[in-house]
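Hi everyone, thanks for making time for this. Please bring the structure up on your screens, and we'll walk through a few spots together.

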Amino acid sequence: MRLEFLTAGESHGPQLTAIVRGVPAGLTLTAEDINTDLARRQQGYGRGGRMKIEQDKVLIRSGVRKGVTLGSPVTLVVENRDYISWQPQMSPEPGELTEQKVVTRPRPGHADLAGALKFGHRDARNVLERASARETAARVAVGAVCKRLLNEFGIHIYSHVINLGGITVDTSELSHAEIEERASRSDLRVARPEVEQAMRDLIDRAKKDGDTVGGIYEVVALGVPVGLGSTMHWDEKLDARIAQGIMSCQAIKGVSIGLGFDVANRPGSQVHDPIGYTADPAEAELRDRERGRGPSGGFYHLSNNAGGLEGGMTNGEPVIVRVAMKPIATLMKPLGSVDLRTKEPFEAVRERSDVCAVPAAAVVGEAILAFVLAQAFLEKFGGDSMEEIRRNYQAYIQYLKEY
Ligand code: EPS
């Protein structure tokens, strides 16, 4: 059974729903596992008023009995507290809309215009409600289930922000553990406290100017075994699947793996990662743990410019993905737009929004990477129960040792 999910729900509708198919039986899963990540997604310097209203909590509605998965579809619900205020506008019940709430001045950079034209809506709210990044709460819930699965096999995912509006963070001297620990303590998710004030000033200035700020985050998976994904078909290549998942997140404009675009600036000898081998299993294990490597049978790379992926397959090194987020499209000092009804030039609509959501987007990136890796993991080791998957995984680890 392929691991799949679907999300549903509007930003100001009653709830967000996710159904996850293909979760094996026998995985321990509690609401708390999911709520931790939902809360992390709500944080970050520069968030708007909505996050003060919501306190996202998951309701597990199917697929779990007494804290253990059944193998049946897992339904996850996150209610929108804000629905109470929006009910007159957003209720599924038939009725008239209040004219002044209709959105007819599309925001440049948002889905408003293309969506209104495509779906034949005269009110762009019918588009923006679903296009909103509120939907990412459902994806984070799904990602938390996937993380739970991956954790059982020593795979761990973390994220941090490496660029905010052009202010960069140099983490080259830090270990994975240091980066994760420092980023988790920072409301900007950065591992270098000395850049935080400049970032906060930038966000404050943008807020004052009615503007918004984007940036780049990095998401890393540690302990991933060699051989997830496949080189045999275009749609099985794991780097491509990661890129699709991440690019489908709201406001994302760029995804790169390992060195990314920097590969264009270097000769091959400074891009590709030389291969080494440790015969002693104890030494190999120690080395793997220190570098965040997954099982790869004593083989390793001396550097990780490939970001853990070669030929569309994991190579045992940490998977490293960098993601560029554009500044949010809703500006309090709006850009020029055209009214959908009158065709007259107007300023785009103002909606309550965030000034900066890059730290939150990083948490969403973790969820996407967790889903893609869990899907690929189950393709390789899949079974109906955790017990069966564990057997398959252990047999592979044994095979790698004896290779
Ligand atoms: C978001 C909820 C939204 C926005 C933001 C992210 O809530 P509201 O529109 O009610 O303020 O804060 O959405 C967008 C940036 C967007 O472009 O739609 C959330 O839960 O993350």
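Let's begin where two helices touch, keeping in mind that this is a predicted model. On the α1 side, the residues in contact are Asp33, Ile34, Asp37, Leu38, Arg40 and Arg41. Facing them from α6 are Thr136, Ala137, Val140, Ala141, Ala144, Val145, Lys147 and Arg148. What kinds of residues make up this contact? There are 7 nonpolar ones, 6 charged ones and 1 polar one.

Now look at how the helices are placed. Helix α1 covers residues 31-42 and helix α6 covers residues 136-151; their axes come within 9 Å and cross at roughly 135°. An angle under 35 degrees would be roughly parallel, one over 145 roughly antiparallel, and 65 to 115 roughly perpendicular, so α1 and α6 count as oblique to each other. As for handedness, α1 passes α6 in a right-handed crossing.

Next, salt bridges. Side chains of opposite charge can pair when their charged atoms come close. How many salt bridges does a search of the whole structure find? The search finds 32, and I'd like to show you three of them.

Here's one between strands. Glu4 pairs with Arg21, and their closest N and O atoms are 3.6 Å apart. Glu4 sits in strand β1 and Arg21 in strand β2, 17 residues apart, so to speak of distant parts of the chain is fair here. Both ends are partly exposed: Glu4 has a relative accessible area of 31%, and Arg21 has 43%.

Then there's Arg134 with Glu54, at 3.7 Å from N to O. This pair also links distant parts of the chain, 80 residues apart: Arg134 is in the loop between α5 and α6, while Glu54 is in the loop between α2 and β3. Are these two buried or exposed? Arg134 counts as buried at 4% relative accessibility, and Glu54 counts as buried at 2%.

Stay with that pair for a moment. Arg134 and Glu54 belong to a network of salt bridges that also links Arg41, Arg50, Asp56, Asp82 and Arg352. You've met Arg41 already, among the α1 residues that meet α6.

My last example lies within a helix. Glu283 and Arg287 form a salt bridge, with 3.2 Å between the closest N and O atoms. Both are in helix α10, 4 residues apart, which is about one turn of the helix. Glu283 is partly exposed at 38% relative accessibility, and Arg287 is partly exposed too, at 26%.

That's my tour, and I'm happy to take questions!

Methods: Residues numbered from 1 in each chain as written. Predicted model: local features only at pLDDT ≥ 70, side-chain atom pairs only at ≥ 80, totals over all residues. Heavy atoms only, no water. Axes fitted to C-alpha atoms, helices over the stretch in contact; angles between N-to-C directions. Helix = DSSP H or I, 4+ residues; strand = E, 2+ residues; numbered from the N terminus. Left-handed = near helix turned anticlockwise from the far one by under 90°. Contact = heavy atoms within 4.5 Å. Nonpolar A, V, L, I, M, F, W, Y, C, P; charged D, E, K, R; others polar. Salt bridge = Lys/Arg side-chain N within 4 Å of Asp/Glu carboxyl O. Buried < 20%, exposed > 50% of the residue type's maximum accessible area, 1.4 Å probe, protein only.
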